[in-house]
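Hello,

I am passing a structure on to you, together with some notes on what turned up in it. Have a look at it first, and then read on.

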Amino acid sequence: MLEVQQLAVKYQGSCCLDSVSFQVAPGQFVGIMGPNGAGKSTMMKAMLGLVPTVSGRVSFCTCPLCQQLERVAYVPQRSQIDWDFPVTVGSVVMMALTRSLGWFRGPHREAKQRVHAALEQVGLWDWRHRRIGALSGGQQQRVFLARALAQNADIFLFDEPFTGVDQPTEEILLEVFRSLKQQGKILMVSSHDWGKSMSQLDRLMLLNQRLIADGYPDQVMTPENLQKTFVTARGAGSGVPRSAFFC
Ligand SMILES: Nc1ncnc2c1ncn2[C@@H]1O[C@H](COP(=O)(O)OP(=O)(O)OP(=O)(O)O)[C@@H](O)[C@H]1O
């Protein structure tokens with residue numbers, strides 16, 4: 001079980017995440033939805049200790065998550081990745097395994113097999129020698145999906161993976177998410193709008209600084225909750241998402 005208790009973050013004294021608490025069981029596919037600036041990325045980063053927190057405890061199987069980060073595969077937003085870095089598709093995926101391999105040993109056979117399987121799963125094995133900067137946005141997203149798969153983690157955190165990807169890539173992503181769920185992995189995926197993919201979710205969290213609602217998507221997507229999430233006093237990200245029409 002993944003447990004988050006009273007997680008809070010402030011940036012330069014102003015509240016970004018306000019006492020967020022939840023639990024996620026193995027095999028759950030959880031969607032996180034909220035407008036731009038709602039704190040979705042910050043919540044993921046805070047869970048991993050990548051940003052300072054004001055308060056909060058994050059544990060997995062009763063131990064602090066920050067002490068077992070090798071059990072987490074985190075794919076940040078595309079905008080946070082340096083696509084000009086001169087590295088190949090295969091190396092990006094292999095690098096996910098350096099924690100278990102160590103920096104100075106060459107990749108062993110099992111690692112190579114995991115990289116191969118992950119790249120095959122996302123349809124990019126034939127692209128393994130390409131530089132990541134030479135790929136389309138959807139292909140780049142699939143590289144990082146493969147990297148997460150190769151890690152063989154227990155918890156998968158994807159930040160806005162559907163942004164800027166075409167329909168076939170969206171389907172590959174959803175197919176992989178279904179497979180991870182079937183393997184009993186914990187899967188948390190953020191999106192400012194789930195559209196019709198919302199039907200795939202076991203659970204939906206509506207976030208805007210605080211956790212506004214958390215439960216089955218059709219129970220959470222009420223006009224009142226959407227109003228609280230997407231139409232705020234500070235005007236951040238106003239506008240109800242397309243997902244509202246698929247529930
Ligand atoms: N390092 C930082 N320093 C200061 N403020 C920050 C920092 N990172 C994020 N913020 C602010 O915190 C708020 C939440 O940002 P965050 O990126 O977590 O939101 P988000 O829901 O992921 O948004 P988006 O959908 O646009 O990616 C925003 O107002 C943002 O400007």
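To begin, a word on handedness: a crossing of two helices is left-handed if the near helix is turned anticlockwise from the far one by less than a right angle, and right-handed if clockwise. Please also keep in mind that this is a predicted model.

That term is needed for one pair of helices. Helix α4 (residues 109-121) passes helix α5 (residues 137-151) in a right-handed crossing. Their axes come within 8 Å and cross at roughly 140°, so α4 and α5 are oblique to each other. On the α4 side, the contact is made by Arg-114, Val-115, Ala-118, Leu-119 and Gln-121; α5 brings Ala-146, Leu-149 and Ala-150. Sorted by class, six residues of this contact are nonpolar, one is polar and one is charged.

Next, the sheets. One is an open sheet of six strands with mixed pairing, in the order β6-β7-β8-β3-β9-β10. At its edges stand β6 (72-75) and β10 (210-215); each has a single partner strand, so one side of each is left without a neighbour in the sheet. On average, and with direction ignored, neighbouring strands here are turned by 15° against each other. Towards the β10 edge, β9 (residues 203-208) and β10 pair in the antiparallel sense over five bridges, and Asn-208 stands opposite Arg-210 in β10.

Helices lie across this sheet too. Helix α5, from the crossing above, lies across β6 and β7 (155-159) and runs at about 175° to β6. Helix α6 (residues 167-182) lies across β3 (29-33), β7 and β8 (186-191), running at about 150° to β8.

There is also an open sheet of four strands, ordered β2-β1-β4-β5, and its pairing is antiparallel. Its edge strands are β2 (14-24) and β5 (63-64), each with a single partner strand, so one side of each has no neighbour in the sheet. Strand β1 (residues 2-11) pairs with β2 in the antiparallel sense over seven bridges. The bridge partner of Val-9 in β2 is Leu-17.

Finally, which residues are closest to the ligand? They are Tyr-11, Asn-36, Lys-40, Ser-41 and Thr-42, out of 13 residues that surround the ligand. Helix α1 (residues 40-47) gives the largest share of this shell, with three residues. By class, the shell holds nine polar, three nonpolar and one charged residues.

Enjoy exploring it!

Best wishes

How values were computed:
Residues numbered from 1 in each chain as written. Predicted model: local features only at pLDDT ≥ 70, side-chain atom pairs only at ≥ 80, totals over all residues. Near = placed C-beta within 6 Å. Helix = DSSP H or I, 4+ residues; strand = E, 2+ residues; numbered from the N terminus. Nonpolar A, V, L, I, M, F, W, Y, C, P; charged D, E, K, R; others polar. Pairing = 2+ DSSP bridges. Axes fitted to C-alpha atoms, helices over the stretch in contact; angles between N-to-C directions. Parallel < 35°, antiparallel > 145°, perpendicular 65-115°, else oblique. Contact = placed C-beta atoms within 7 Å.
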